[in-house]
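This briefing sets out the side-chain interactions, the nonpolar packing and the backbone geometry of one protein model. The structure is shown first, and the points follow by topic.

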Amino acid sequence: MDSDLTYGEYLRLGELLGLQRPRSRPEHHDELLFIVMHQTCELWFEVVRHELSAVSSHLEADEARPAFKAVARVKSILHSLTDQWAVLATLTPADYAGFRSALATSSGFQSYQYRAIELALGAKDRSVVERAGTDPLARSMLADGLARPSLYDQFLRWLARRGHRVPADVLGRDVTESWTFTPSLLPVLRVLYERTDAHWVEYECCEELVDLEDSFRLWRFRHLQTVERIIGTKPGTGGSDGVGYLRSAVDRRFFPELFAIRAELG
């Protein structure tokens with residue numbers, strides 16, 4: 001153990017605090033906020049990816065309780081990220097216009113960590129690897145995420161190992177394909193929701209995933225609101241669709257059967 005290690009050295013603060021480099025000239029006061037907000041998101045995305053990987057590994061190893069703990073941590077991070085949009089919402093249209101040109105062709109839509117999180121949750125898209133360009137880290141991360149079973153795939157395999165009749169075509173599906181609504185899963189989920197006394201752990205896992213998706217959708221919705229407040233409906237930087245894309249993303253589900261089953265109960 002290094003007895004002389006300081007707090008600043010452990011966190012490498014000298015490097016960390018040197019990474020905020022506004023590009024506007026003359027430097028615009030509000031650009032620092034914009035940079036820190038997005039750098040902070042990326043740091044938390046790294047932890048979310050780490051925890052989602054742990055959830056999948058725990059389910060694969062039939063370790064439900066540690067999986068639930070990791071999901072709870074991801075939910076807390078997403079809640080924190082959702083609240084963080086309130087800080088960026090203090091940026092007025094005039095404030096943003098003062099440095100927007102400094103972003104050039106860069107855009108939050110290019111966040112490969114965000115895309116990796118979507119892949120981990122089941123929104124597979126082969127094109128994201130090509131869109132990563134020549135960045136070796138981005139390409140490696142996204143290619144790995146595309147090839148791996150999603151968290152939902154691992155959940156359904158776990159259910160099958162616990163004796164539930166998950167259809168064979170679901171268990172053997174191509175995990176590089178994006179998940180689509182599968183009606184044949186509803187009878188499986190109905191058993192879990194109507195016999196919670198006999199299947200409490202499975203039922204709890206279902207509800208953990210519902211909570212996770214709710215948290216993610218709230219983060220997306222707050223993102224939409226913040227962007228709409230700052231730039232309205234005009235396109236985002238880098239040629240992105242801005243609010244239009246964000247609005248469509250809010251209604252996209254990762255675990256659609258867990259929501260559909262609610263209409264089948266009672």
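In this predicted model, the count of salt bridges comes to 22. Among them is the pair formed by the side chains of Arg161 and Asp62, with an N to O distance of 2.9 Å. Arg161 belongs to helix α9 and Asp62 to the loop between α3 and α4, so this pair ties together parts that lie 99 residues apart in sequence.

**Salt bridges**

- Both partners of the Arg161 and Asp62 pair are partly exposed: Arg161 has a relative accessibility of 42%, and Asp62 has one of 43%.
- Lys75 and Glu208 also meet through their side chains in a salt bridge, at 3.1 Å from N to O. This pair links distant parts of the chain, with Lys75 in helix α4 and Glu208 in helix α12, 133 residues apart.
- Are Lys75 and Glu208 buried or exposed? Lys75 is buried, with a relative accessible area of 13%, and Glu208 is likewise buried at 13%.
- A further salt bridge joins the side chains of Arg126 and Asp174, at 3.4 Å from N to O. Arg126 lies in the loop between α6 and α7 (127–131), and Asp174 in the loop between α10 (168–171) and α11; the two are 48 residues apart, and the pair links distant parts of the chain.
- Arg126 counts as partly exposed at 43% relative accessibility, as does Asp174 at 39%.
- Salt bridges also link Arg115, Glu118, Arg220 and Arg252 in a network.

**Nonpolar cores**

- The largest nonpolar core has 61 residues, of which Leu121, Tyr152, Phe155, Leu156, Leu212, Phe255 and Leu258 touch the most other members.
- Two or more residues of this core come from each of α3 (31–60), α4 (64–88), α6 (112–121), α9 (151–161), α11 (186–194), α12 (200–231), α13 (243–250) and α14 (256–260). Helix α12 gives the largest share, twelve residues.
- Another core lies apart from this one and has nine residues, including Leu119, Val128, Met141 and Leu146.
- Which residues does Phe255 contact, leaving aside its neighbours within four places in sequence? Phe255 is in contact with Leu121, Leu151, Tyr152, Leu209, Leu212 and Glu213.

**Aromatic rings and charges over rings**

- The whole structure holds 18 aromatic pairs. One of these is formed by Phe216 and Trp219; the pair is tilted, with 6.0 Å from centre to centre and 50° between the planes.
- Phe216 and Trp219 are three residues apart in helix α12, so about one helical turn separates them. Both rings belong to buried residues, the relative accessible area being 4% for Phe216 and 5% for Trp219.
- One aromatic cluster is formed by Phe45, Trp85, Tyr114, Tyr152, Phe155, Trp158, Trp179, Phe216, Trp219, Phe254 and Phe255.
- Phe255 and Tyr152 belong to this cluster, and both are also among the core residues that touch the most other members.
- Two arginines lie over the face of Phe259: Arg253 at 3.7 Å from the ring centre, and Arg262 at 5.9 Å from the ring centre.

**Cysteines**

- How many disulfides does the model contain? The count comes to zero.
- Cys206 is in no disulfide, and the nearest cysteine sulfur, that of Cys205, is 6.4 Å away. A disulfide would require the two sulfur atoms to lie within 2.5 Å, so this separation does not qualify.
- Cys206 counts as buried, at 0% relative accessibility. Cys41 is buried too, with a relative accessible area of 5%.

**Backbone geometry**

- Most residues other than glycine have a negative phi, and most peptide bonds are trans. The residues below depart from these patterns.
- Arg25 and Pro26 are joined by a cis peptide bond, with omega at about 0°. Pro26 lies in the loop between α2 (13–16) and α3.
- Arg12 is not a glycine, yet has a positive phi of about 55°. Arg12 is found in the loop between α1 (7–11) and α2.
- Ala104, also not a glycine, has a positive phi of about 50°. Ala104 lies in the loop between α5 (93–97) and α6 and is partly exposed, with a relative accessible area of 47%.

Terms used:
Residues are numbered from 1 along each chain as its sequence is written. This is a predicted model: local features need pLDDT of at least 70, side-chain atom pairs count only at pLDDT 80 or more; totals for chains, interfaces and linings use all residues. Side-chain values use heavy atoms; hydrogens and water are left out. A nonpolar core is a set of buried Ala, Val, Leu, Ile, Met, Phe, Trp, Tyr and Cys residues joined through side-chain atoms within 4.5 Å. Buried means under 20% relative accessible area, exposed over 50%, partly exposed in between (1.4 Å probe, protein chains only). Helices (H or I, at least four residues) and strands (E, at least two) are DSSP runs, numbered from the N terminus. Contact means heavy atoms within 4.5 Å. Rings of Phe, Tyr and Trp (its six-membered ring) pair if their centres lie within 6.5 Å; planes under 30 degrees apart count as stacked, over 60 as edge-to-face and the rest as tilted. A charge sits over a ring if NZ of Lys or CZ of Arg is within 6 Å of the ring centre and within 35 degrees of the ring normal. A salt bridge is a side-chain nitrogen of Lys or Arg within 4 Å of a carboxyl oxygen of Asp or Glu.
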